[in-house]
Amino acid sequence: MHNFSDVIGLFKQLLTGLPITLGFIISSWIIGFSLSVLVTAGRLSPRRWLRYPLDILVSFTRSIPIVLQLFLVYYGLPALVQTLIGVDLNDVNKMIFCIITFSIYYGSYLSEILRPAYLSVRKEQHDAAYGLGYTKFQTNFHVIVPQMFSIALPSLGNEVINLVHQSSILFVLGTVDLMGQADMIITTDYTSSPLLTYFCAGMIYWGLTIVITAVVHSIERYVDRYKQSDLEGGTI
């Protein structure tokens, strides 16, 4: 039977892995989202030599389980680099391979959110901007892209939460993130309760998700107020 002090101590142990989890989430999201913008632009391009390979990449990453992609990158990338340029990556931090894997995954996956959002903006918006003398770049940057992100924002927020959930598989490579810390506690401390340890880890993930959800909702409310002011001003 565990007392309250034991539970507090368990939370403190688990929280030592939280900075690694947060660092992974932030890094993977920033890189993945930036990559998704480029992938989306490429898939909207009229150039087939650019569009078709990106479509294949998106199809592959959406079809293969993320844990399998993680193993492919972890074992395949060092072998590929060793073969091509003779550099040994076996001593590279495992978290780097995790970030690479999830950045590629979300770079492809998020493009399936951004591309429909871009295409959903009415053609009249393009025509009106061209009528005002905007170039194609100016039209996209000042008119289309802001509306695209407004449309895509709820889905992007959901994907941040999905990234939090999927970060729990990193421990399969031996990384000591939040889930890895829980696994380490169970395997090294024979007096620990697996049920209590995983429950406490789940509570931390829950709290993290609540915070992220609150931030996303705050951004959505801000965007809604901005859109409402534009409607009242007759700019949309």
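Contact here means heavy atoms within 4.5 Å. The model shown in these views is predicted.

**View 1. Surroundings of Q181 in helix α9.** Leaving aside neighbours within four places in sequence, Q181 is in contact with Q13, L14, T16 and V176. The relative accessible area of Q181 is 12%, and since buried means under 20%, this residue counts as buried.

**View 2. S168 in the loop between α8 and α9.** Residue S168 has a relative accessibility of 22% and therefore counts as partly exposed. Not counting residues up to four places away in sequence, S168 touches M179 and Y205. A polar atom of the S168 side chain lies 2.6 Å from the backbone oxygen of H165. The C-alpha atoms of S168 and L178 are separated by 7.5 Å, although the two residues are ten apart along the chain.

**View 3. Helix α4, residues 66–85.** This helix has 20 residues. From its first C-alpha to its last, α4 reaches 27 Å, close to the 28 Å expected at 1.5 Å a residue. At G76, α4 bends by about 30°. A proline, P78, follows G76 within four residues. After the helix comes G86, which has a positive phi, near 75°.

**View 4. Buried residues of α4 and the helices they pack against.** I66, Q69, L70, V73, P78 and V81 are the buried residues of α4. An α-helix has 3.6 residues a turn, so residues three or four places apart point the same way. The buried residues of α4 pack against three helices: α3 (48–63), α5 (94–109) and α8 (136–166). P78, the proline that follows the bend at G76, is one of these buried residues.

**View 5. Crossing of helices α2 and α5.** Two packed helices are described by the angle between their axes and the distance between the axes. The axes of α2 (residues 18–43) and α5 come within 7 Å, and they cross at roughly 40°. The crossing of α2 past α5 is right-handed.

**View 6. Residues that meet between α2 and α5.** On the α2 side, the residues are I20, F24, S27, S28, W29, I31, G32, L35, S36 and V39. On the α5 side, they are M95, C98, I99, F102, S103, I104, Y106 and G107. Helix α5 is also among the helices against which the buried residues of α4 pack.

Technical notes:
Residues are numbered from 1 along each chain as its sequence is written. This is a predicted model: local features need pLDDT of at least 70, side-chain atom pairs count only at pLDDT 80 or more; totals for chains, interfaces and linings use all residues. Side-chain values use heavy atoms; hydrogens and water are left out. Helices (H or I, at least four residues) and strands (E, at least two) are DSSP runs, numbered from the N terminus. The expected span of a helix is 1.5 Å times one less than its number of residues. The bend at a residue is the angle between axes fitted to the seven residues ending there and the seven starting there. Buried means under 20% relative accessible area, exposed over 50%, partly exposed in between (1.4 Å probe, protein chains only). A polar contact is a pair of N or O atoms within 3.5 Å; within protein, one must be able to donate a hydrogen and the other to accept it, and residues adjacent in sequence count only if both atoms are side-chain atoms. Axes are lines fitted to C-alpha atoms, for helices over the stretch in contact, and angles run from 0 to 180 degrees between N-to-C directions. A crossing is left-handed if the near helix is turned anticlockwise from the far one by less than a right angle, and right-handed if clockwise.
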